[in-house]
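Here is a walk through one protein model, from its overall make-up down to single side chains. Keep the structure open while you read.

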Amino acid sequence: MLRFLILAGYFELAMYLQISGKLDQYINVHYSYLAYLSMILSFGLAVVQLIVWMKNLKVESHLSGKIAKLMSLLMLAFPVAVGLLVPTVSLDATTVSAKGYHFPLAAGSDAATAEEDGVTIQYLKPDTSSYFTASAYSSEMKKELAKYKDKDLITITTENYMEVMELIYEYPDEFIGKNVSYTGFVYNDPENKGYQFIFRFGIIHCIADSGVYGLATTGNTASYKDNTWVKAQGTISVDYYQSLNQTLPILNITSLSTVDEPDNPYVYRVF
């Protein structure tokens, strides 16, 4: 009976995440079909367990067997309880501040990453190179670069945000002088008063490979508080960012205005 209840709990949890719209804070929305599949499988297995339970109502008499089964059931039930009881919180500039804003770029890596509790957290540039061989990654990046190489004005949208940001950091010289516009939230760098970052949190596959992605900006005449959502337009240049000991692509602001926060503040990598 407990197995039925736990599987039914997984089914209910998946339905809850779908209906509440919170699923997109855990996985790439382009993989939402997998959530539907798992929901269907959970329901099917729950029905099977209900049938098995109804056919076998014998009470186990062996104490150790009871304890082993109880422990396994508790371990299975734990994710369901966490999913239902732990509140879902959208990431914002407060999260960036909590990380201490020590983007690990000083070692010379273009793709800034940090290991925290076994989870790889990316900063500034989405890095999908680990999902390809070296030659396949280079080929894929050049193929994507061709879509923007001849454009003087590049509009970064929710759909292409991760793709363009990866290209800007991968091929900064190709974007120098190009006009770029995009929307994100403000993060004020406490160590460099002349710069404001405009970020969005992104998910490559799931929350385990998520990160905060965007550009350092300069030249903006107005200063906005952290978490202010803005639409920025400017030209790309490359500059040495002293606090990170790294040369970074910089957005030189020509236009900046406040906007409402999107219904879904996350962006996702499209392959």
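Rings of Phe, Tyr and Trp (its six-membered ring) count as a pair if their centres lie within 6.5 Å. With that cut-off, ring pairs link Phe185, Tyr187, Phe197, Phe199, Phe201 and Trp229 into a cluster. Across the whole structure, the search turns up 7 aromatic pairs. Do keep in mind that this is a predicted model.

**The overall picture**

Let's step back for a moment. The protein's secondary structure comes to 7 helices and 9 strands. Of its 271 residues, 37% are buried. Take the contacts between residues at least 6 apart in sequence: 70% of them join residues at least 24 apart. On the outside, the protein exposes about 14800 Å², and carbon and sulfur atoms supply 60% of that.

**Salt bridges**

Side chains of opposite charge can pair when their charged atoms come close. How many salt bridges does the count come to here? The count comes to 4 salt bridges. The table sets out some of them.

| Salt bridge | N to O distance |
|---|---|
| Lys125 – Glu170 | 2.6 Å |
| Glu144 – Arg269 | 3.1 Å |
| Glu166 – Arg269 | 3.1 Å |

Start with Lys125 and Glu170, whose closest N and O atoms are 2.6 Å apart. Lys125 sits in the loop between β2 and α5 while Glu170 belongs to helix α6 (residues 161–170), so this pair ties together parts that are 45 residues apart in sequence. The two partners differ in exposure: Lys125 is buried, with a relative accessible area of 2%, whereas Glu170 counts as partly exposed at 27%.

Now for the pair made by Glu144 and Arg269, whose side chains meet in a salt bridge at 3.1 Å, N to O. Glu144 is in helix α5 and Arg269 in the segment after β9 (267–268), so the bridge ties together parts that are 125 residues apart in sequence. Both Glu144 and Arg269 are buried.

Arg269 also meets Glu166 in a salt bridge, again with 3.1 Å from N to O. Because Glu166 lies in helix α6 and Arg269 in the segment after β9, this pair ties together parts that are 103 residues apart in sequence. Glu166 is buried, with a relative accessible area of 0%, and Arg269 counts as buried at 2% relative accessibility. Put the pieces together and you have Glu144, Glu166 and Arg269 linked in a network of salt bridges.

**Thr128, alongside the network**

Which residue does the side chain of Thr128 make a polar contact with? The partner is the side chain of Glu166, at 2.9 Å. So Glu166 has a polar contact with Thr128 as well as its salt bridge with Arg269, and it counts as buried at a relative accessible area of 0%. Thr128 itself is found in the loop between β2 (119–124) and α5 (134–145). Is Thr128 buried or exposed? Thr128 is buried, since its relative accessible area is 0% and the cut-off for buried is under 20%.

Leaving aside residues up to four places away in sequence, Thr128 touches Tyr137, Met141, Glu166, Ile204, Arg269 and Phe271. Two of the network's members, Glu166 and Arg269, are in that list.

**A few other spots**

Val186 is in strand β4 (residues 179–188) and is buried, with a relative accessible area of 1%. Val186 and Thr217 are 31 residues apart in sequence, and their C-alpha atoms are 9.8 Å apart in space.

Have a look at the backbone of Asn227, too. Asn227 has a positive phi of about 75° although it is not a glycine. You'll find Asn227 in the loop between β6 (210–218) and β7 (229–241), where it is partly exposed, with a relative accessible area of 28%.

Finally, which residues make the nonpolar surface patch of about 260 Å²? The patch is made by Phe43, Val47 and Ile51. Of these, Val47 is found in helix α2 (residues 32–55), and Val47 counts as partly exposed at 35% relative accessibility.

Definitions and conventions:
Residues are numbered from 1 along each chain as its sequence is written. This is a predicted model: local features need pLDDT of at least 70, side-chain atom pairs count only at pLDDT 80 or more; totals for chains, interfaces and linings use all residues. Side-chain values use heavy atoms; hydrogens and water are left out. Helices (H or I, at least four residues) and strands (E, at least two) are DSSP runs, numbered from the N terminus. Buried means under 20% relative accessible area, exposed over 50%, partly exposed in between (1.4 Å probe, protein chains only). A polar contact is a pair of N or O atoms within 3.5 Å; within protein, one must be able to donate a hydrogen and the other to accept it, and residues adjacent in sequence count only if both atoms are side-chain atoms. Contact means heavy atoms within 4.5 Å. Rings of Phe, Tyr and Trp (its six-membered ring) pair if their centres lie within 6.5 Å; planes under 30 degrees apart count as stacked, over 60 as edge-to-face and the rest as tilted. Patches are made of residues with over 30% relative accessible area and no salt bridge: like charges are joined within 9 Å, nonpolar side chains (Val, Leu, Ile, Met, Phe, Trp, Tyr) within 5 Å. Accessible areas come from the Shrake-Rupley method with a 1.4 Å probe; for residues, only the protein chains shown count as cover.
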